[in-house]
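Let's take a look through this model, with an eye on charged side chains and what sits around them. The sequence and coordinates come up here.

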Amino acid sequence: IVMSHTQALEVTVWRDGKEYKQHYSRGKPITTLTSITLSGETSSRQGTRIRFWPDKDSKLLFLQRISLV
């Protein structure tokens, strides 16, 4: 993902019983990194989610789905 070609990007990381999240717009952070403590069954969650919205004016667009087992 080329962040400068994204209208918006959201990163969420689950690790060590916490959820970390930050939002970006055109490659620059628009929120600070937030952290919340997970409880119950969700406290063992691990992984990373990246959501993005392509820039409507950009000629560059490529999508690739990555699955790790």
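Aromatic pairing is quickly dealt with: the structure holds zero aromatic pairs. The test pairs rings of Phe, Tyr and Trp (its six-membered ring) if their centres lie within 6.5 Å, with planes under 30 degrees apart counted as stacked, over 60 as edge-to-face and the rest as tilted. Trp14 does have a charged partner, though, as Arg45 lies over the face of its ring, at 3.6 Å from the ring centre. For that label, NZ of Lys or CZ of Arg has to be within 6 Å of the ring centre and within 35 degrees of the ring normal.

A word on ground rules: this is a predicted model, where local features need pLDDT of at least 70 and side-chain atom pairs count only at pLDDT 80 or more, while totals for chains, interfaces and linings use all residues. Residues are numbered from 1 along each chain as its sequence is written, and side-chain values use heavy atoms, with hydrogens and water left out.

**Overall layout**

The protein has zero helices and five strands, so its elements read β-β-β-β-β from the N terminus on (DSSP runs, numbered from the N terminus: helices are H or I with at least four residues, strands are E with at least two). Of the 69 residues, 16% are buried; buried means under 20% relative accessible area, exposed over 50%, and partly exposed in between, with a 1.4 Å probe and protein chains only. Take the contacts (heavy atoms within 4.5 Å) between residues at least 6 apart in sequence: 46% of them join residues at least 24 apart.

**Salt bridges**

How many salt bridges does a search of the whole structure find? It finds three, each a side-chain nitrogen of Lys or Arg within 4 Å of a carboxyl oxygen of Asp or Glu.

| Pair | N to O distance |
|---|---|
| Glu10 and Arg49 | 3.8 Å |
| Glu10 and Arg51 | 3.4 Å |
| Arg15 and Asp16 | 3.3 Å |

Glu10, Arg49 and Arg51 are linked in a network of salt bridges. Is Glu10 buried or exposed? Glu10 counts as buried because its relative accessibility is 8%. Glu10 also links distant parts of the chain through its pair with Arg51: Glu10 is in strand β1 and Arg51 in strand β5, 41 residues apart. Both arginines are partly exposed, with Arg49 at 34% relative accessibility and Arg51 at 38%.

The Arg15 and Asp16 bridge has exposed residues at both ends: Arg15 comes in at 52% relative accessibility and Asp16 at 66%.

**Around Gln22**

Gln22 has its place in strand β2 (residues 18-25). Gln22 counts as buried because its relative accessibility is 16%. What does Gln22 touch, leaving aside its neighbours within four places in sequence? The contacts are Leu9, Glu10, Val11, Pro29, Thr31, Thr32 and Leu33, so Glu10 of the salt-bridge network turns up here too. With Thr31 there is an atom-level detail to check: a polar atom of the Gln22 side chain lies 2.8 Å from the backbone oxygen of Thr31.

How values were computed:
Polar contact = N/O pair within 3.5 Å; in protein donor to acceptor, adjacent residues only side chain to side chain.
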